[in-house]
Each structure stands twice: as C-alpha cells, then as structure tokens.
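Student: I should like to work through a structure with you, taking strand pairing and charged side chains in turn.

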Amino acid sequence: MAYAPLPALVHPRQELISCLSFDTVSDVLWSGSASGSVTAHYPTNVRGVTYPATTKGHPVTRLVASEKDVKAVTESGLGSWAKGGMNKWYHNSSQLLSTFCDHPSTANAVILAANGPDASEFVMLNTATGAEIRKVASPPMVNHLRASHSLLISAAADGYIRMHDFRTSNKRDSGVAQNTAFAHSGGIQGLEISGNQIFTCGWGFRQSRPHPDPLVKVYDIRSLKPLPPIPFAQGPAHVSVHPRKSSSLVITSAEGLVNIVDLSNPVSGQEYQQLPIASYISSVAFSPTGAYIAFGDADGYIHMLTSAPVEEEDRVPWNGSEGTPAPWPSAPPPLPEIQWTDSTPLNSIGMPYYSGPLLSSSAILNTRSTYLPPPAKVPEQVLQSMKTIDFVGYASLPRELRGRRNVAPKEPAPKDEGRFRSKAKRASDPDEAVVSPVSSGFIRPEIPRKWRQTDIKYSKFGIEDFDFA
C-alpha cells in the first residue's frame, strides 16, 4: 500500500530528534532530543508536551515505549518513567552507555551496553526495580543491540555484527560472541532483524575518507552467512522493518529520500518518497501496525508518512486502536476576566492562599538583634565642624572620641545565679523577665524557656537544692 505524507510535528524546543518510539497502547508518539528531554506528541497537539528533564542533559540514544513505562538511555544512565512523567528508577553508570534492548531469554530484564576505557560489558537490569542482575564481558564499541529468538545480536563501531547466547553459562565470559561477521569497514550505523534475516547499514571508505556504504547488507541469522545485499545509491542512513510485514523494508538516506522495498519482489515492488527537510534525518520509527512512519530531523521536525486514510473522520490512531487514554497533563483553570476600573480592589487579582502562618511573618525575624547593630550615628560635634568639598564632608575627630571608633555597643551578659529552691521566693519568674534595652536602643529577642540553656550549679545546700523543673 502506498504511503502519503502528513503535516509535520514540531518539537517544543526545536532540537535534534535523536530517537523516536510509538506508544503501543496509546495514541502517542515519544521522542528523545539531543538535550536529554523526552517529549510526548499527540495528534491534537502539534508541538507536543515535554516532560521534566530526566537524562542529565545528555543526548537520548535510544527510547522504547512499552505498555507500562517509557525507557530512555543516555551515555550516563538508563531510566524508566511512567507515561505521566514520574520517574520509576534510574541506573547510573561510570561507563559510557550506548544502547539497550530486551533480554532474549529472560523475562522482565533488559541488556545494557556499557563501554569503558579498560573493558566493555553487558549489564543486565531488572525492568521492575532497575536493580543490577549480573554483568558479562562484551565486545568493545557496541552501539546497536537487538534480541531475536533466544540470541542477542550486537553491532559495533568496528564494523562487526556478533551473536551472543546467554544460555551457555552464568560465567562472566558468557557474553563472548558465538559467531561474527564483518559488515562495514567504517562502522555500523543501523541494525534491524526480521525473522531469520539481519539488515545493516553503515559506512565505508572511498579514497581513504568515510563514505556511506551504498549497500544494505543482509545476513542469515542462523549462520551469519551473507545474502544478496540491497543497493541504495543515495547512501542508507537508517533501515527499518515493517512490524507486520516482514518482507517490507524501509531504507532512508540522510537527505530524506525514503525507499520502501518489498523483499519478495525487489525489482518492481519499490516506492520512493522525498521528505521536505532542510537539514538531515536523525531517527526513524514504525508505528505498531505499520500504518505510520515517523522521521525526525536535526531541526526538531517530525515528518510523517501514512498508508491509512488521511481524512479526519476516517483517521486511524497511531497505535491502531483506541487503547488507553493518552497521559495528557491536567490543564490549569482559565483565569477570570477582570473589568478594571478606578474602584476595582487590588485583591480581585488573586493571591496564593495559605492555611498557616508564613516564615516571613515571624516576630523574631522582624526584631532587630543586638548582635548585628546598625552603624552608630555621627556625633553632633563632628557634624558642626564638618566642611564639605565636592560633595564630601571632612571634619577632625574630637579628643573625647579618639580610641572609640568602630566599636559596637554590647549588652553586658546577665549574671546567671542558678535556679535554687531556696531562692524561689526571692527570684522573679524567668518567663516574665524582660531584657533591658542596651545603649544601641535594641532589645534581644526573648527565647522560650524550654529552649534556654541550663547550667547545673551548686549552692550551700548541695545539689539537692537545684530546681530541675
């Protein structure tokens, strides 16, 4: 079925779209950007809704939207978030992370590719808690992972594709490749699996310079033997397989040329589409039913192709069915319209309501402390003898003020005579004691009795005379 273009979607920040993923249960398209943000795009909202930044500012290299959550990986960690934006767990790593995929033989587990300066490894995590299950050695520079049957297929920057079988043993070296094949001399850029076939696109060298390989390599997954490649003269940058038609392959160039190939009839079963882009294609994703194809570019636009009816009344949801409602954030209530006149009170604008007293209304904060007194006033005899020259006043220091400059007045510490039962009748109640003003004119804030410092003292009657109450 032929594909037709749809109006493009726009990222709210117009950043490079590094990865795309259609939601499997909702009419939502998820995108990851170069700044680390994850955005949900809806058919009714062209610009989408960006959820709180959750990837520490690093580019999102892979994004997968499942039935319950959205997983995203960057070079610093892998995280899982609910559809509404709440973080479930986040796995930090000291190594550089590149990609992840579901475990081929263990349920509720993912495999994470970690590349370090000394060694590279596959990290297996629990999808429910993010806890680390175990680690196994891996080839260096792994940048693509795909699970097929009970095997894990990896592609690396050295141009090799490898098969891994984690059922062999539980030892650390169980991640060593069972079989390898050399695909592209300049590195692998795209990897897809359909049935018993592996499709790769990558880079080669022409006159000692990297150049897009004009062939999409095809391998048999059972033995990694090469099959006849698929030519694409414009240079394939992305390769995608139809989710419900394994014989349909979509090859996309960086310039926006889309070639839809029918592998069962590669000669006549081809369709071409040119996307209206001004930069380059950075990501491609198929919808769960294959009726929609999304292409993200470096300018923040998401171009869409569809084989479904384009009329609004006959529109097919992105996930193929009504499914669960989209996780749309609650809209704030509209602000009331105010007809402003000279007699309109200011409280009609509206202010936040607080059920308790605020910290700024504390009486202690409004009291001037004796420990931070203001600067002392200039004595009157100095002001009388002052001469002003160019807005600057000059005066000689009187003899009676010499040696007393920059000395702040200090309240003398009250003498603590202790709390004794024998003096209870003569002493005044400490809760009613008021600190007398100091020479600076300010009063020390009164400290509640239960917070005051208590020193145990002795009288002539011994320790039994002290009032501990």
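The exchange below concerns a predicted model.

Student: Which strands stand at the edges of the open sheet of 4 strands?

Tutor: The strand order in this sheet is S14-S15-S16-S17, with antiparallel pairing. An edge strand has a single partner strand, so one side of it is left without a neighbour in the sheet. The strands in that position are S14 (142-148) and S17 (179-182).

Student: What is the bridge partner of Leu 152 in S16?

Tutor: Strand S15 covers residues 151-156, and strand S16 covers residues 160-164. The two run antiparallel and are joined by 4 bridges. Within S16, the partner of Leu 152 is His 164.

Student: How many residues apart are Lys 83 and Asp 23, whose side chains meet in a salt bridge?

Tutor: The N to O distance of this salt bridge is 2.9 Å. Lys 83 lies in the loop between strands S8 and S9, whereas Asp 23 lies in the loop between strands S2 and S3. The pair thus links distant parts of the chain, and the separation is 60 residues.

Student: Is Lys 83 buried or exposed?

Tutor: The relative accessible area of Lys 83 is 12%. Buried means under 20%, so this residue qualifies. Its salt-bridge partner Asp 23, at 0%, also counts as buried. The term for Lys 83 is therefore buried.

Student: Which residue forms a salt bridge with Arg 146 of strand S14?

Tutor: The closest N and O atoms of this pair are 3.5 Å apart. Arg 146 lies in strand S14 and its partner in strand S18, so the salt bridge ties together parts that are 46 residues apart in sequence. Both residues are buried. The partner is Glu 192.

Terms used: Residues are numbered from 1 along each chain as its sequence is written. This is a predicted model: local features need pLDDT of at least 70, side-chain atom pairs count only at pLDDT 80 or more; totals for chains, interfaces and linings use all residues. Side-chain values use heavy atoms; hydrogens and water are left out. Two strands pair if DSSP finds at least two bridges between them. A salt bridge is a side-chain nitrogen of Lys or Arg within 4 Å of a carboxyl oxygen of Asp or Glu. Buried means under 20% relative accessible area, exposed over 50%, partly exposed in between (1.4 Å probe, protein chains only).
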